[in-house]
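Reader: Please take a close look at the aromatic rings for me, and then work outwards to whatever else deserves attention. I would like one connected account, with the cut-offs spelled out as you go.

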Amino acid sequence: MPLKQLTPANLSTQDLQDWCSVLNEMTSTDMPNEPRWQPERLRDYLAENMADEYRQAFIYRDESSGDMLGHANLLIFGGKHRDTGVLELFTRPSARGKGVGKALLQAVAECAKQRECENLAVEVIATTPAVGFYDQLGFRRDVVEQRHLLRWDEVDWDKVQEAAGRVAAGYRLEYYSESLPEELLEPYAQLKAYLRGSAEPIALTTDRRGSTDVDRLRDSLQTLRRRGMRSHVMVAISEPYEKVVGLTELVVSEQRPTRADQYDTVVAPEHKSYGLALTMKARLLTELRGAEPQLVDVQTWTAEDARDIKWVNSQLGFVHDVDWYEYETSVEDLLHNLAQ
Ligand SMILES: CC(C)(COP(=O)(O)OP(=O)(O)OC[C@H]1O[C@@H](n2cnc3c(N)ncnc32)[C@H](O)[C@@H]1OP(=O)(O)O)[C@@H](O)C(=O)NCCC(=O)NCCS
């Protein structure tokens with residue numbers, strides 16, 4: 001059988017090397033300006049999950065040469081998002097158009113069905129062939145996000161430093177790396193819950209991990225660490241009340257250490273208009289200069305109509321370069337379309 005399904009912890013050293021080489025050949029062909037992957041801690045990245053999550057890996061090898069032609073992985077969340085699985089799927093560029101992608105997707109869909117997972121979602125960069133592939137298989141384009149990139153060697157550090165120093169009276173900023181003090185977990189989780197419930201488009205990422213209660217937030221930070229992803233967090237505290245009123249989060253992973261991913265930024269409604277979002281993000285960048293000297297760029301995603309956060313990002317030098325699509329389909333429809 002060319003196709004094998006396994007628990008990521010059981011991927012062999014050879015599997016991981018081949019996995020990485022497929023990712024890097026795909027990157028060179030489809031998105032040559034994106035950073036390359038490193039095999040270090042790739043197993044942790046694929047195998048470590050939150051307690052109630054489930055992940056499977058799928059690999060497709062040429063039967064005669066044994067070459068890995070493609071791979072996929074499926075993550076099924078716990079909690080209230082347990083009905084949706086997120087997949088990633090890549091075919092080595094030299095092996096495309098031969099049914100490898102479709103075979104992997106079939107295996108992913110069958111696995112999702114077995115786990116009673118009803119929907120599948122996948123994130124796709126708008127300029128890659130993945131768009132045609134998922135369109136053709138009946139996936140719906142549910143969300144379009146604009147990816148913005150900040151190139152480290154183009155940052156105007158004087159301007160960023162000035163913004164970082166402009167903290168409104170009555171507030172202070174605190175920086176944390178890798179974990180948060182216990183007493184901050186509750187207000188931090190509450191603020192994230194506000195972000196999830198907000199009709200206003202200030203969110204930057206789709207957080208199906210739902211770290212909006214203390215236990216899940218603690219578990220989510222620990223899971224990031226176990227996956228080889230260092231988190232950097234800046235919080236804004238309102239001093240009269242000693243209350244967390246703003247946060248911004250960013251992650252650097254050991255598998256792509258030159259790239260930082262900016263996650264959520266949120267300011268509580270009654271503390272808006274004091275410039276906290278810009279100050280927090282600027283301060284976080286200045287902390288990163290010391291903490292992650294190897295960085296080449298920072299990426300972030302925003303909805304097209306998220307005017308406030310887009311303005312903040314533009315002040316820091318972020319530039320929109322490409323759109324990302326979030327595709328979704330029901331497992332039943334997908335299995336039907338794959339059988340056509
Ligand atoms: C998308 C991708 C997985 C397709 O892999 P593949 O092995 O070439 O796909 P298959 O050969 O199984 O093709 C299956 C069907 O999709 C169609 N298809 C594949 N790529 C297509 C494209 N770019 N546009 C339109 N249709 C496409 C094929 O024609 C085939 O149709 P058929 O069943 O009617 O013959 C591969 O191009 C890839 O790895 N791209 C980069 C992946 C990526 O960006 N992933 C990020 C999100 S996970």
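**Rings, ligand and loops**

Author: Happy to. If rings of Phe, Tyr and Trp (its six-membered ring) pair when their centres lie within 6.5 Å, with planes under 30 degrees apart called stacked, over 60 edge-to-face and the rest tilted, the count comes to nine aromatic pairs. One of them joins phenylalanine 133 and tyrosine 134: the ring centres are 5.0 Å apart and the planes stand at 80 degrees, so this pair is edge-to-face. Before we go on, please bear in mind that this is a predicted model, in which local features need pLDDT of at least 70 and side-chain atom pairs count only at pLDDT 80 or more, while totals for chains, interfaces and linings use all residues. Residues are numbered from 1 along each chain as its sequence is written, and side-chain values use heavy atoms, with hydrogens and water left out.

How covered are these rings? With a 1.4 Å probe and protein chains only, buried means under 20% relative accessible area, exposed over 50%, and partly exposed in between. Tyrosine 134 has a relative accessible area of 3% and is therefore buried, while phenylalanine 133 counts as partly exposed because its value is 23%. A second edge-to-face pair is made by tryptophan 152 and tryptophan 157, whose ring centres are 5.1 Å apart and whose planes meet at 85 degrees. Tryptophan 152, at 13% relative accessibility, counts as buried, and tryptophan 157 is buried at 14%.

The first pair also belongs to a wider group: Phe133, Tyr134, Phe139, Tyr325 and Tyr327 form one aromatic cluster. A charge joins the picture here. It sits over a ring if NZ of Lys or CZ of Arg is within 6 Å of the ring centre and within 35 degrees of the ring normal. The charged end of arginine 141 is placed this way over the ring of tyrosine 325, 4.0 Å from its centre. Elsewhere, arginine 115 lies over the face of tyrosine 54, at 3.6 Å from the ring centre.

Now for the ligand. A residue is near a molecule if one of its heavy atoms lies within 4 Å of it. There are 22 residues around the ligand, of which Thr91, Gly97, Gly99, Gly101 and Lys102 come nearest. By class, this shell has nine nonpolar, seven polar and six charged residues, where Ala, Val, Leu, Ile, Met, Phe, Trp, Tyr, Cys and Pro count as nonpolar, Asp, Glu, Lys and Arg as charged, and the others, Gly among them, as polar. Helices (H or I, at least four residues) and strands (E, at least two) are DSSP runs, numbered from the N terminus. At least two residues of the shell come from each of α1 (13-30), β4 (84-91), α3 (100-114), β5 (119-125) and α4 (130-136).

Three contacts bring out the polar side of the site. Oxygen atoms of the ligand lie 3.2 Å from a polar side-chain atom of arginine 96, 2.8 Å from a backbone N or O atom of glycine 99 and 2.7 Å from a polar side-chain atom of lysine 102. Taken alone, the ligand exposes 950 Å², and the protein buries 76% of that.

Several residues in the loops and helices round off the tour. Serine 94 has its place in the loop between β4 and α3 and is exposed, with a relative accessible area of 58%. In helix α3 we find lysine 113, exposed at 55%; its C-alpha atom is 6.7 Å from that of valine 331, although the two are 218 residues apart along the chain. The loop between α3 and β5 holds glutamate 116, which is exposed at 68%.

Glutamate 116 has a backbone feature to check as well: its phi is positive, about 60 degrees, although it is not a glycine. Most residues other than glycine have a negative phi. Glutamate 242, in the loop between β8 (229-238) and β9 (243-253), also has a positive phi, near 50 degrees.

Conventions:
Polar contact = N/O pair within 3.5 Å; in protein donor to acceptor, adjacent residues only side chain to side chain. Areas by Shrake-Rupley, 256 points an atom, 1.4 Å probe, with all protein chains shown as cover.
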